[in-house]
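User: Please walk me through the covalent link, the strand pairing and the ring contacts of this model, with the criteria stated as you go.

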Amino acid sequence: QLQASGGGLVQAGGSLRLSCAASGRTFGSYTMGWFRQAPGKQREFVAAIRWIGYNYADSVKGRFTISRDNSKNTVYLQMNSLKPEDTAVYYCAAMRYGSIEYDERAYDYWGQGTQVTVSS
């Protein structure tokens, strides 16, 4: 029900925009989040957007922007000034109820992930 796309290989300092298209239900009232998992590391919170408002991990503040287009049932993650440490598989997720946006256990639906690789 969630399909993430837009990953790829980019040089440090470059940009990518990830998309997360939802199907099967309307996610307009859900909190939508992006997480990432680097090799050998635990999955970590990146950003989340609520009906009103959003939240970012400190490591991406000022570089990443999360947005949503409810008419398209799609959430985006614009990633600028990418660093090699941003290399990971990025996952989108949807939370129906709750407010702990940084906790992956709070999310009800997950996409399959898209690889982002940043070369130095």
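The questions and answers below take these topics in turn.

Analyst: This is a predicted model, in which local features need pLDDT of at least 70 and side-chain atom pairs count only at pLDDT 80 or more, while totals for chains, interfaces and linings use all residues. Residues are numbered from 1 along each chain as its sequence is written, and side-chain values use heavy atoms, with hydrogens and water left out.

User: How far apart in sequence are the parts that the disulfide of C20 and C92 ties together?

Analyst: A disulfide is taken as a pair of cysteine sulfur atoms within 2.5 Å, and C20 and C92 are joined with S to S at 2.2 Å. Strands are DSSP runs of E with at least two residues, numbered from the N terminus. C20 lies in strand β3 (residues 16-22) and C92 in strand β9 (residues 88-95), so the parts tied together are 72 residues apart in sequence.

User: Is C92 buried or exposed?

Analyst: Buried means under 20% relative accessible area, exposed means over 50%, and partly exposed lies in between, with a 1.4 Å probe and protein chains only. The relative accessible area of C92 is 1%, so this residue is classed as buried.

User: Which residue of β5 stands opposite G33?

Analyst: Two strands pair if DSSP finds at least two bridges between them. Strand β4 (residues 31-37) has six of its seven residues buried, and β4 pairs with β9 in the antiparallel sense over seven bridges, where G33 stands opposite A93. Five bridges also join β4 to strand β5 (residues 44-49), again running antiparallel. The residue of β5 opposite G33 is A48.

User: Why is the pair of Y30 and Y109 stacked, tilted or edge-to-face?

Analyst: Rings of Phe, Tyr and Trp (its six-membered ring) pair if their centres lie within 6.5 Å, and planes under 30 degrees apart count as stacked, over 60 as edge-to-face and the rest as tilted. By this rule there are eight aromatic pairs. The centres of Y30 and Y109 are 6.3 Å apart and their planes stand at 45 degrees, so this pair is tilted.

User: At what distance from the ring centre does R43 lie over the face of W110?

Analyst: A charge sits over a ring if NZ of Lys or CZ of Arg is within 6 Å of the ring centre and within 35 degrees of the ring normal. The charged end of R43 sits over the ring of Y91, 4.9 Å from its centre. W110 belongs to a cluster of F35, F45, Y107 and W110 linked by ring pairs, and R43 lies over its face at a distance from the ring centre of 3.9 Å.

Note on methods
Helix = DSSP H or I, 4+ residues; strand = E, 2+ residues; numbered from the N terminus.
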